[in-house]
Amino acid sequence: MSITVFRTPAEWRMIKPATGSIGVIPTMGALHAGHIALVERALGDNKYAVTTIYVNPTQFNNPDDLAAYPQTLDEDCAILEQAGCQFVFAPNYETLYPDQYRYRIRETEISRVLEGEYRPGHFDGMLTVVLRLLNVVGAEVAYFGEKDFQQLLLVREMLHAFQHSTRIVACATVREPDGLAMSSRNRRLNTAQRALAAQWSQTLANLALPCQDVRSQLEALGFRVDYIEERWGRRLGAVYTPQVAGGAEIRLIDNVVLPGQPTF
């Protein structure tokens, strides 16, 4: 079965399979092996997989970051077809936000710390678009990676709070051989920044070091650190890569499970 791209809820209502469970993978495109692992898990659990591809402007607090985010729909669809994914939902702003974002989801506790502190409005936009995407697709299960752990936690709690029918499955972070968590932003790293990025992940994962020592070591390497904190049974961090060899600062996030803590 070749891949089918649909762009509106009306199109999906016409082609949605009448029988067989559906797994959905919400993404912003620029797909990598981590995304494909989610697709493969969805296809292992369900008859059909729907990958959503939408670079959501409402979750970007920095317009420059939005402008620089890679958009590679044709390449992504080819990768997904090779992986066996049957459907792609690729809406535009008017389709997802006919209200011009007047109606939105706002969480008042978890979303205020870590990413929420450093990226004001980010989680409002993320939760709102995820709920809208899940409402359109109507899948039994949605698949999220653990790299964006705070996002995963918020989505799971949102769906529980609203008694949503879609169930969340968390999938382990997929990493490069040197430990760097796979991310669409990694493709923006130049060679010198990529080498430093490996040290970022390795330093964060050194649980023998207290958080403050992790911060100090990263700053000594030239990283600008937003936070290194331990919450929810994880050590979580966010940094900006140094502007070496002419490269722009790239923001990277990651997390590791603390000893003795259960996985998600």
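I take buried to mean under 20% relative accessible area, exposed over 50%, and partly exposed in between (1.4 Å probe, protein chains only). The model is predicted: I accept local features at pLDDT of at least 70 and side-chain atom pairs only at pLDDT 80 or more, while totals for chains, interfaces and linings use all residues. I number residues from 1 along each chain as its sequence is written, and side-chain values use heavy atoms, with hydrogens and water left out.

**Helix 7**

I looked up helix 7 (residues 122–137). Helices (H or I, at least four residues) and strands (E, at least two) are DSSP runs, numbered from the N terminus. Of its 16 residues, 14 are buried, so helix 7 is largely enclosed by the rest of the structure. I then checked its length. The expected span is 1.5 Å times one less than the number of residues. That gives 22 Å for helix 7, and its end C-alpha atoms are 23 Å apart, which agrees. Just after the helix, Gly138 has a positive phi of about 65 degrees.

**Sheet**

I traced the open sheet next. Its 6 strands run in the order 1-4-3-2-5-6, with parallel pairing. Two strands count as paired if DSSP finds at least two bridges between them. Strand 1 (4–6) and strand 6 (167–171) are the edges; each has a single partner strand, so one side of each lacks a neighbour in the sheet. The twist averages 25 degrees from one strand to the next. Angles run from 0 to 180 degrees between N-to-C directions, on axes fitted to C-alpha atoms, for helices over the stretch in contact.

I counted 6 bridges between strand 2 (residues 22–27) and strand 3 (residues 48–53). Ile22 stands opposite Tyr48 in strand 3. Helix 4 (residues 73–83) packs on the sheet and touches strand 1, strand 3 and strand 4 (87–89). Contact means heavy atoms within 4.5 Å. The direction of helix 4 makes about 165 degrees with that of strand 3.

**Cores**

A nonpolar core is a set of buried Ala, Val, Leu, Ile, Met, Phe, Trp, Tyr and Cys residues joined through side-chain atoms within 4.5 Å. The largest one has 40 residues, and Val50, Val130, Val137 and Val155 have the most contacts inside it. Helix 7 gives the largest share, 9 residues. I listed partners of Val50, leaving out residues up to four places away in sequence; among them are Phe6, Trp12, Phe87 and Val137.

**Asp99**

Asp99 sits in the loop between helix 5 (93–96) and helix 6 (115–118). At 11% relative accessibility, Asp99 counts as buried.
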